[in-house]
Amino acid sequence: MAAAAGAAAPGNPVRASAITHVDSKATGGKIALGATAYDRSAPHRVGASFAASPSASDGRGAGDLAIGLSVTPYAGDPDECGSGTDIAVNVGDQVNLCYTLTNNGTQTLAYQSIVDSLDGAVVTYDPTPIGPGQSHTYVRTIVATSDTQRTASWTGYANLPGYAYDDTVAPDFIDISATGTPMGFVPGDGWGNETGHVTAPFPLRFYGQESTDLCLAIDGLLQFADPSCTPPGGSTPPPGFSFNEDIPSTFGTEVPTYLAPMWMDLDDVSGDVYVQALGNAPNRTYVVQWHDLESYAIATSTATFEIVFHEDSDTIRFEYLTTAFGNDADDGNWATVGVQADPHGLYTKYSYRQPALHANSAIQWTFTPAVSSAADSGEVSISAGDPTLAVAQTSITAVAGPDGNVTRSLTIANTGNRDLHWSLGEAPGGTQAHFPKTPRYVAPPQLEAGAPVAGATLSGALARPRTQGAAPSPRAATGGFAVPAYGISALLPGLVTFDALAPAATYTPLNNSSDWIYAATFVGNDFSKLYVIVNDSWELAPGTYGTVDTATGVFTELGQIAGGETRTWGGLTEDPLTGTVYAVNFLDQLGSAGATLYTIDFGTGQATRIGPIDGPGVNPVRYISGIAVSPAGLMYGIDLYGQSLIAIDKASGAASVIDGFGLNVQYVQDLKFDPQTGDLYWAAFYIDSITNQPLGEMRVIDPMTAASQAIGAFPAAGEFPVDEMSALAIAKPSVGCSAPGEVPWLSLSPTSGTILADGAPQDVSVSFDAGGLSPGLHQATICVFSDDPRHQRVAVPVSFAVIPAEPLYDQSIDDTDVHAFNNTIIAPPETEGLSAEGADDFVVSGNGWSVSGFEFSAYGNNSNPLPPTVNLRILADDGNGRPGGDALCSANGVQAIALDAPANRIGVWLTQDCPLAPGTYWVAWSFADVDISSPILGFWGVTSEQHNQPAVWRNPGGMLGTGCSVWSTFDQCPNMFAEGSKDFGFSVYGTASTVDCGDVIFGDGFEGGSGSCPGKRNTHD
C-alpha cells in the first residue's frame, strides 16, 4: 500500500498547538490562542535544523504575504481585536494580541506558522487554509507583565514537507553484518538498551536537511541530527529508548527527529547494530543494520532489518529480512514504525503496535519539499504599569522608662506609576485580593498522549512494579541551605532534602519508604517533623496522617483523617498569618477529581469542609495538585489538567485562573512560598519541549502571571532518570503579623490609605505606651499589605524596650575616642578570622538579680550606621579574672536598639530574663553577622576608669595580628587599645529579687552557689 506525504495510515492530522477554533471562516476567520503547553514561557521546538523553510521560489520579502499585528485590552471576549499598536494597561491585566494574515499570492496556503519575537512559536503548521486574496486572524490572550515591544513572522505553506511511503516496492536487503562496522553492543551483557553515536562519512538527508550525526539505539530507533546521543538514565542498566510511543510523539526520544523502522524494546542476546557506507560519490548509500535481535520477552527467533540512506537524496528505505520473534511481538505488533521531524506537523506514521511488517519486504519513503512564503509584521508596544510599595523602615525600635510614651514614624511610599492602596490589617480585597480583576481567558490545554490521571505519578504511568516494604536507607541531612526544602519523592519513594536554589548539588535522600504521599507541610515553625497525609501505601490505609522526622525520614502514625468526602488528600499547607492548615480532598478516578478545600486539625485528625475549588477557567476535572499560601495570606494552587496557576479564596474555595504555565505539565507536583521573601517555589514535572523527555526540576513562579523560571533539575531517582516531588515543604520560619489593636502597647494611625501615582509618601504614626508593661523587651510585627502585585506584604519588626528608671549596675561613659573592634564576621568567608568580641564583669549583689538587658557604649564606622543585631552571652567568672567557658544565658541575633539619648548608646534586651544569684559575672558580646567588605561595622566604647576586674577582649582567629586569640586584658593587646585603657562602658538592667538556686545543679557540677536559675526565667511578649 502507498501513503501520501505527511500522512499516517490512513490519515495524519497536522495539529497546531494551543489553538481553540472560535470562528474559522474562509475570509476574516479568527482563532483564539491561549497560554498552554507550547506557548509563552516554553515555546515548543520546531527545531533549528528542521523548521520548514520558505522555498526559494516563494522567498521572504516577495510581497505575496502580509501579517498585521495589533493589540487591545481584554474585556471578556477572547476573540476581540482592535487596530491599535500601542496601549497602556496595568501589570496583571490581560490583552489580546491579534495576528492578521493576508494572502496576496496566487495559491492557497494550507498550513500556517507564526513566531512571536518574544514568545517563540505560537502557531505551528495550523491546517487552516487561506486562499488568494483572503485573510485570517489569530487572537492570543496574554498577561501584561512589563513594558514590551514585539513583532511577529508568518510562514504560510501551500504544502508541508513530508514523506509518503510505499510498501509495495520490491525488497533489496543489503547484508552488512560481515563487512560493516559494529556498534559494539556486547551480546548477552545484561545491558539490553544500548545507544551509540556514529558520524556518517557524508551528509545524510532527512526532511530536506543534512546531518552526519546519528544516534543509534539497539531498540530499533535512529535519532537524526543528534550529536549528544544521551538517552535517559537513572537506573542500572539505563532504560535507553526502550519505551516506544505512538507517532507523533513528544516523549520517549531525546530529539523529535527520528526514523523508526522497528522501535520497541529489543535485546542483543546474539546480535548487534552495524553501519557501512557503500559505493562511490556522488552515488553512495549508507546502511544501518539491526542484526539478529530478540524482543525483550522470551523469543525463539530474531529480527534483522535496516535503513538505507542515498547520497544527495531524501529518499530512504526500510528493508526487512526477518520480523518474527516467535511471540506476540511478531511483525511489529509491539513496535512503532514511521518517521518524524517535528511532532507538531512533520511526521508520517506507518504503524503502531500492529502486525504490519513482514519478512523479505521493504518500505520506501519519498520526500516532498515544502512550498511556502513568509512575511514579517510591524511592532506593537504594551506599556504595563503597576503600583510599587516602598516602606522606608526595615524595623522600628523604641526605648522608654516605666509608664513612658514614645512615637515613631512608618513611611509608606508608592514608587510605581499606578495608584497604590495599602492597609495594616489585611490585603486590600481580602481573601480574593490576588484574583484577576476580570476572569482571565485561558485556551483549553492540549495534553499529549499519556496525560496524567488524577493522582498519577511517572512511576505509575510507566507501569513499574513497586517493591513492597522497601528497606530504609537513612542519610544525614545537609545543613546550611539558602532555602532549605524537603520533598516527598514519588519515585524512590521517600523523604529527600535539598536547597531549593541548588537542588541537584544538595539533593539528599533521607529514607526510602513504602508510602506515597501527596500532602506535606510544616506546622508552627517546627522543622523537626513534617506533617503528612498518606495517599497510597503497602501498609497504611489512604488518609492515614502522621509526622515524618526530618532527620531520619521515619514516619510516626497519628491516626486517620476524618470528615473528608474521600480518603485521598493532596496540597497540604499552613497559612503563615493564622496558622490554619489547609488541604485538598479529591476523587482518585479518571476524568473527575472534584477537588474540595478543607481545613485540617492535626490535634484531632478532623477535616472541616470549606468548599469546592472551582471558578472561571478551572479545568472541569478539577485536579488541584498543590496549594500554597503567601506571606500575605493569599492562596494559590496548581490546576494540573488546566496546566495553569490558579488563585484560590481560602474562605470559600472559589478560584480563578491566573494563567497557563506554558509547559506540558504532567503528573503530581507541589508548590510552596518562602515565608520570608515571598518567592513561590515549584517542584515541577513536565515533558520538556526540546528533548521530549520528562523533567523534574525546581522553578520559581511569578504569582501574578504564572510565568516561571527554571532553577535546576532533580537528579535521578533509582531507575528513573529524574525525580518527581509529590509534595514540597520549605523549612524557613514565617513571620506573624500584628493587626491594629491586637497589641495593647502599640497604636497605629492611620491604618489604611491610597497613594496616587507620583503622589507624596504617607506617614503612619507608631505610638508606644509602656504603661502597665513589665521591664524588658516587647516585640511585634507591623505588616503593610498592598495591591502592589509583587509586594503584597512587607513585614516591619517592632522592638520596644521598657527599662527601669535606674540600672542595677552602671559603668556607662558619656563619650570616648577609644573604640574596640567588636564584630562577628561571616563574609567574605576567608575573613572570618577577623571576628572579635569584648567582655566586662559586674557583681550581682543582695539576694540576686533578674537581668533583662544591657546598655552599651557603641560606635559605628565613621558616619555609617551600626550593624542591626548582636550576639550576647552572660558567663560566670572563672576565678582567675576571666569569663568562664559555658554561657549561663545567651541571645543570638537580637536587635540592637539605638537610644534617643544619650548619643552613641545602644540597648540590647533579652527575650527572657536571666536570673542570677549573687556573685561575679561577665557579659560578652559582639555585633552579629557582619560583612567586612561593607562599611557597616561596630565598636565598643572604652574607658580608662577601672571598675571591678579589668575588661578583656579576644580575636580567636588571630587575623588582626594582636596575639590576643584568648581572653586578654587591654594592656596585653597594645596595638588595639590606647595606653591606660581599662574597661568598657555598659550598664545592666533588670530587677533585684530573691533568687533561690538551692536545687539547681550548675555547669560546674555543684549545687547551689552563684549562677543562673533557668527554671525561674520570665518570658516577654
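Begin with three strands of this predicted model: select β5, β27 and β10, which form an open sheet in the order β5-β27-β10 with mixed pairing. To find the edges of this sheet, colour β5 (86–90) and β10 (148–150); each of these edge strands pairs on one side only. Viewed together, neighbouring strands of the sheet are turned against each other by 20 degrees on average, with direction ignored.

As background, strands of a sheet pair through backbone hydrogen bonds, and the pairing is either parallel or antiparallel. Next, keep β5 and add strand β27 (residues 380–385). In which sense do β5 and β27 pair? The two strands run in the parallel sense and are joined over five bridges. For a single example, display I87 and then its bridge partner in β27, which is I382.

The second part of the tour concerns enclosed spaces. A search of the whole structure finds four cavities of 30 Å³ or more. The largest cavity has a volume of about 250 Å³. To locate this cavity, select T521, E574, F673, P675 and I730, which lie nearest its centre among the 19 residues of the lining.

Which elements give two or more residues to this lining? They are β35 (515–523), β39 (569–574), β43 (624–629), β48 (670–673) and β52 (725–730), and each may be shown in turn. Of the elements, β35 gives the most to the lining of the largest cavity, with three residues.

Finally, colour the lining of the largest cavity by residue class: 10 residues are nonpolar, four are polar and five are charged.

How values were computed:
Residues are numbered from 1 along each chain as its sequence is written. This is a predicted model: local features need pLDDT of at least 70, side-chain atom pairs count only at pLDDT 80 or more; totals for chains, interfaces and linings use all residues. Side-chain values use heavy atoms; hydrogens and water are left out. On a 1 Å grid over the protein atoms alone, a cavity is a set of points where a 1.4 Å probe fits but cannot get out, and a pocket is an open set with protein on both sides within 12 Å along at least five of seven lines; lining residues have an atom within 4 Å of a point. Grid points are joined across faces, edges and corners, and a volume is the space filled by probe spheres set on the points. Helices (H or I, at least four residues) and strands (E, at least two) are DSSP runs, numbered from the N terminus. Ala, Val, Leu, Ile, Met, Phe, Trp, Tyr, Cys and Pro count as nonpolar, Asp, Glu, Lys and Arg as charged, and the others, Gly among them, as polar. Two strands pair if DSSP finds at least two bridges between them. Axes are lines fitted to C-alpha atoms, for helices over the stretch in contact, and angles run from 0 to 180 degrees between N-to-C directions.
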